[in-house]
Amino acid sequence: MIDVTDATFEQEVLLRSSEVPVVVDLWAPWCGPCLTLGPIIERVIDETEGAVALAKVNVDENPAIGASFQVQSIPAVFALKDGKVVDQFIGAQPEAAVADFVARLHPAPSEADLLVAEGVRDGTEEPLRRALELQPDHAGAITGLAALLIARGESDEAIALLGRIPETAETRRLLAEARLAAQQIDVEGIEVGELLDGLLDRVRDDPSARQEFLDLLETLGPDDTRTSGYRKALATRLF
């Protein structure tokens, strides 16, 4: 639980809700139903062990937050995911109703989810393949299995698997690793900078060199201090 103010709302609620669902409890010290509901919400969310976050807002001290939710009475409770309100209720509620409200924000893991957790934890293929039998588009099973396949040089199957799900930063990285592995380029055992330098003069006229350059940048990742410089160098060559 965290007490949120007008100044910290964006960081602690809007941005945080991209990581876990955030329940916002709008209350005031003079509000009797708020004082009844508050401990119930805190207890129920504590039981999620971090799967759901709680933000408490004293609307007397932070009127901008109340205004943003267009609140006319309290207690008012809102659930946010990815910066958007996905559920809400007004007024005090019994604990069972609060528990149902919170449970909707983090459904119990499916059998496929449990198999994926096992496969990723143990680095084993069988649970991941069983998860895909149950749910062919399970993103966690696909990325987990793709990583295992790439590690043992089975890039074609990894690439086909990754094509089942929408592109994310993780799938881009894995696809880059798969394509490089297919060319027998081991990014763990080489100096990536030297390879990038050697490709720069070819990226304009050689599509395969350009793809290899981009794949190497993906393996470096956005936090590597070299990435920005090499992206600028690529743009200079292309444009």
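When I speak of helices and strands this morning, I mean DSSP runs, at least four residues of H or I for a helix and at least two of E for a strand, and they are numbered from the N terminus. Please keep in mind throughout that what you see is a predicted model.

Let me begin with the loop between helix H3, residues 63–68, and strand S4, residues 76–81, which is where Pro75 has its place. The peptide bond that leads from Ile74 into Pro75 is cis in this model, with omega near 0 degrees. The loop between H3 and S4 also holds Gln70, a residue that is not a glycine and yet has a positive phi of about 55 degrees. As a general background, most residues other than glycine have a negative phi, and most peptide bonds are trans. Is Gln70 buried or exposed? Because exposed means over 50% relative accessible area, Gln70, at 69% relative accessibility, counts as exposed.

There is another positive phi to point out, at Glu49, where the value is near 55 degrees, again in a residue other than glycine. Glu49 sits in the loop that runs between helix H2, residues 32–46, and strand S3, residues 53–58. Its relative accessibility is 76%, and so Glu49, too, counts as exposed.

Now to the cysteines. A disulfide is a covalent bond between the sulfur atoms of two cysteines. How many disulfides does the count come to in this model? It comes to 1, and the partners are Cys31 and Cys34, whose sulfur atoms lie 2.3 Å apart. That pair qualifies because the cut-off for the two sulfur atoms is 2.5 Å. The link between Cys31 and Cys34 is right-handed, with 80 degrees about the S-S bond. For those of you who think about accessibility at the bench, Cys31 has a relative accessible area of 4% and is therefore buried, while Cys34, with a relative accessible area of 2%, is buried as well.

I would like to turn to how the helices pack. Two packed helices are described by the angle between their axes and the distance between the axes, and I will take three pairs in that way.

Consider helix H5, residues 111–122, with helix H6, residues 125–134: they pack at an angle of about 160 degrees, and their axes are 8 Å apart. That angle makes H5 roughly antiparallel to H6, and H5 passes H6 in a left-handed crossing. On the H5 side the contact involves Glu111, Ala112, Leu115, Val116, Glu118, Gly119 and Val120, and these meet Pro127, Leu128, Arg130, Ala131 and Leu134 in H6. Sorted by class, the residues of this contact of H5 with H6 divide into 8 nonpolar, 1 polar and 3 charged.

H6 in turn packs with H7, and here the axes come within 9 Å and cross at roughly 140 degrees. Why is this pair described as oblique? To count as roughly antiparallel the angle would have to be over 145 degrees, and so H6 is oblique to H7. H6 passes H7 in a left-handed crossing. The residues that meet are Glu125, Leu128, Arg129, Ala131 and Leu132 in H6, and Ala141, Ile142, Gly144, Leu145, Leu148 and Leu149 in H7. In the contact of H6 with H7 the classes are 8 nonpolar, 1 polar and 2 charged. You may have noticed that Leu128 and Ala131 of H6 are named in the contact with H5 and also in the contact with H7.

H7, residues 139–151, packs as well with helix H9, residues 169–182, at an angle of about 20 degrees and with the axes 10 Å apart. H7 and H9 are therefore roughly parallel to each other, and their crossing is left-handed. From H7 come Thr143, Ala147 and Ile150, and from H9 come Glu170, Thr171, Leu174, Glu177, Ala178 and Ala181. By class, this contact of H7 with H9 has 5 nonpolar, 2 polar and 2 charged residues.

Finally, a few words on helix H4, residues 95–103, in which Ala99 lies and in which we also find Ala103. Ala99 is partly exposed, at 31% relative accessibility, and Ala103 is partly exposed, with a relative accessible area of 39%. The C-alpha atoms of Ala103 and Ile45 are separated by 9.3 Å, with their positions 58 residues apart along the chain. For Ala99 and Gly66, 33 residues apart along the chain, the C-alpha atoms are separated by 24 Å.

Key: Residues are numbered from 1 along each chain as its sequence is written. This is a predicted model: local features need pLDDT of at least 70, side-chain atom pairs count only at pLDDT 80 or more; totals for chains, interfaces and linings use all residues. Side-chain values use heavy atoms; hydrogens and water are left out. Axes are lines fitted to C-alpha atoms, for helices over the stretch in contact, and angles run from 0 to 180 degrees between N-to-C directions. Angles under 35 degrees count as roughly parallel, over 145 as roughly antiparallel, 65 to 115 as roughly perpendicular and the rest as oblique. A crossing is left-handed if the near helix is turned anticlockwise from the far one by less than a right angle, and right-handed if clockwise. Contact means heavy atoms within 4.5 Å. Ala, Val, Leu, Ile, Met, Phe, Trp, Tyr, Cys and Pro count as nonpolar, Asp, Glu, Lys and Arg as charged, and the others, Gly among them, as polar. Buried means under 20% relative accessible area, exposed over 50%, partly exposed in between (1.4 Å probe, protein chains only).
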